[in-house]
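Student: I would like to learn how to read a structure feature by feature. Could we go through one together, starting from the ligand and moving outwards?

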Amino acid sequence: MASLYQQIEFELKRFKAKKNSITSLFIGGGTPSTVEPQLYAKVFTLLEPYFKEGIEITTEANPNSASAIWLKGMFALGCTRVSFGVQSFNNTKLKFLGREHNSIQAINAIRSAKKIGFEHISLDLMYATKVDNKEMIEQDIQTAFSLPVDHISAYALTIEENTLFEAHPDAAKEKLELSNFFINSIKDRGFHQYEISNFGTYQCQHNIGYWKLNDYIGAGSGAVGMLKNKRFYPTTDIDNYIKNPLDIRIENLSDEDLKTEKVLLGLRSKVGLNLDILTESELKQVSFLENDKKVIRKENYIFNSDYLLSDEIALFILS
Ligand SMILES: C[S@@+](CC[C@H](N)C(=O)[O-])C[C@H]1O[C@@H](n2cnc3c(N)ncnc32)[C@H](O)[C@@H]1O
């Protein structure tokens, strides 16, 4: 924590942070629920003067380590939102995903967070895995909506190399069908989709800030920060980070880099894409998409109507 504190002190200076200017804080990682809440206290004391009134403070948590005592401690620190890495309420699927918790632990952790007073509760669900079928997906979503949650992040399993999943490649067509079934089942129950993976009656302000390419401090080993056209990468080597938390690699982003990110992130979310940043030929591509009803124009912005196609649409515009 001392290294984290040192880096945050440094970043507040680098960002010329003003009092009451931080609009959201996200404690993620790793697994925040394995860290005693009081260990965060010094960092919170350092940051509090910079907190804007009504700040959104999210902590991620794993159901098997998010005890009621831990949740009470994070709530007392000022956390307004908790995001549980549930993945599924089906124990066979949890085993397949190599998760340590079971469905009862997940349900109890969510109910406990509500009882303790968390206003905003989110859960992560994974889909399009080898063990998935429509019945299992339907069951997972039914259970999720029987709980006091106002947000779901839904991730289609991506197969990283050298992971156990690599032994279970799945068919793209089936994956797309299951993805649409999953997404429509959540939307049909009244959660608005505001990004390719995010749904809710509540929208995570922290993530929207990322998608708008707002400035953000990234503190901790493996975190990422952004200030205008610079991106900062603290060392991913935890031992090195503890010894030297200011070992931070800087990436200078060109106007082209920033534009590509604005196109990709804008079409993946409710943020949309400002047409002012596009060239004549790219604007021509946009009019094709408009005629095809793939995008909708509102004043000087276009918005994507099917997030699952967002990367294809972005590449078409930039091609
Ligand atoms: C992306 S973060 C969650 C961010 C949080 N939901 C939020 O709104 O900011 C971690 C989540 O990624 C998902 N995840 C982990 N490994 C994955 C994989 N191989 N493929 C797809 N999603 C994965 C899991 O659902 C995990 O809880």
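Student: How do the residues of the shell around the ligand divide into nonpolar, polar and charged?

Tutor: Before the case itself, please keep in mind that this is a predicted model. The shell around the ligand divides into 5 nonpolar, 7 polar and 4 charged residues. In total 16 residues surround the ligand, and the closest are Glu60, Gln87, Asp124, Tyr155 and Thr158.

Student: Which strands each supply at least two residues of that shell?

Tutor: Those strands are β3 (81-87), β4 (120-127) and β5 (151-156). In the order of the open sheet of 7 strands, which reads β1-β2-β3-β4-β5-β7-β6, you will find β3, β4 and β5 in succession.

Student: Which side chains have an N or O atom at a listed distance from an oxygen atom of the ligand?

Tutor: A pair of N or O atoms counts as a polar contact when the two lie within 3.5 Å. For Gln87, a side-chain N or O atom is 2.6 Å from an oxygen atom of the ligand, and for the side chain of Asp124 the distance from a ligand oxygen is also given as 2.6 Å. The side chain of Asn207 has an N or O atom 3.1 Å from an oxygen atom of the ligand. As for cover, the ligand on its own has 590 Å² of accessible area, of which the protein covers 73%.

Student: What is the sign of phi in Gln87, and how should I read such a value?

Tutor: Most residues other than glycine have a negative phi, so a positive value deserves a second look. In Gln87, phi is positive at about 75 degrees, although this residue is not a glycine. Gln87 lies in strand β3, and because its relative accessibility is 5%, Gln87 counts as buried. A further case is Lys16, a residue other than glycine whose phi is positive and near 45 degrees. Lys16, however, is placed in the loop between α1 (2-14) and β1, and with 67% relative accessibility Lys16 counts as exposed.

Student: Why is one side of β1 and of β6 left without a neighbour in the sheet?

Tutor: To read an open sheet, follow the strand order and look at its ends. In the sheet of 7 strands, where the pairing is mixed, β1 (22-27) and β6 (192-195) stand at the edges, and each has a single partner strand, so one side of each lacks a neighbour in the sheet. From one strand to the next, the twist averages 20 degrees. The partner of β6 is β7 (residues 198-200), with which β6 runs antiparallel through 3 bridges. Within this pair, Glu195 stands opposite Asn198 in β7, and the hairpin that joins β6 to β7 passes through 2 residues.

Student: What is the order of the open sheet formed by 3 strands?

Tutor: The order is β11-β13-β12, and the pairing is antiparallel. The edge strands, β11 (273-274) and β12 (295-298), each pair on one side only. Between β11 and β13 (residues 301-304) there are 2 bridges in the antiparallel sense, and Asn274 stands opposite Tyr301 in β13.

Student: Is Asp150 buried or exposed, and with which side chain does it make a polar contact?

Tutor: For burial, the cut-off is a relative accessible area under 20%. Asp150 has a relative accessible area of 11%, and is therefore buried; its place is in the loop between α6 (134-145) and β5. The side chain of Asp150 makes a polar contact, at 2.6 Å, with the side chain of His120. His120 lies in strand β4 and, because its relative accessibility is 13%, also counts as buried. Distance along the chain is another thing to check: Asp150 and Gln203 are 53 residues apart in the chain, and their C-alpha atoms are separated by 8.6 Å.

Student: Where is Thr279 placed, and which side chain does its own side chain contact?

Tutor: Thr279 is in the loop between β11 and α11 (280-291), and its side chain makes a polar contact of 3.2 Å with the side chain of Ser281. With 34% relative accessibility, Thr279 counts as partly exposed. The C-alpha atoms of Thr279 and Ala66, which are 213 residues apart along the chain, are separated by 49 Å.

Terms used: Residues numbered from 1 in each chain as written. Predicted model: local features only at pLDDT ≥ 70, side-chain atom pairs only at ≥ 80, totals over all residues. Heavy atoms only, no water. Pairing = 2+ DSSP bridges. Helix = DSSP H or I, 4+ residues; strand = E, 2+ residues; numbered from the N terminus. Axes fitted to C-alpha atoms, helices over the stretch in contact; angles between N-to-C directions. Near = heavy atom within 4 Å. Polar contact = N/O pair within 3.5 Å; in protein donor to acceptor, adjacent residues only side chain to side chain. Areas by Shrake-Rupley, 256 points an atom, 1.4 Å probe, with all protein chains shown as cover. Nonpolar A, V, L, I, M, F, W, Y, C, P; charged D, E, K, R; others polar. Buried < 20%, exposed > 50% of the residue type's maximum accessible area, 1.4 Å probe, protein only.
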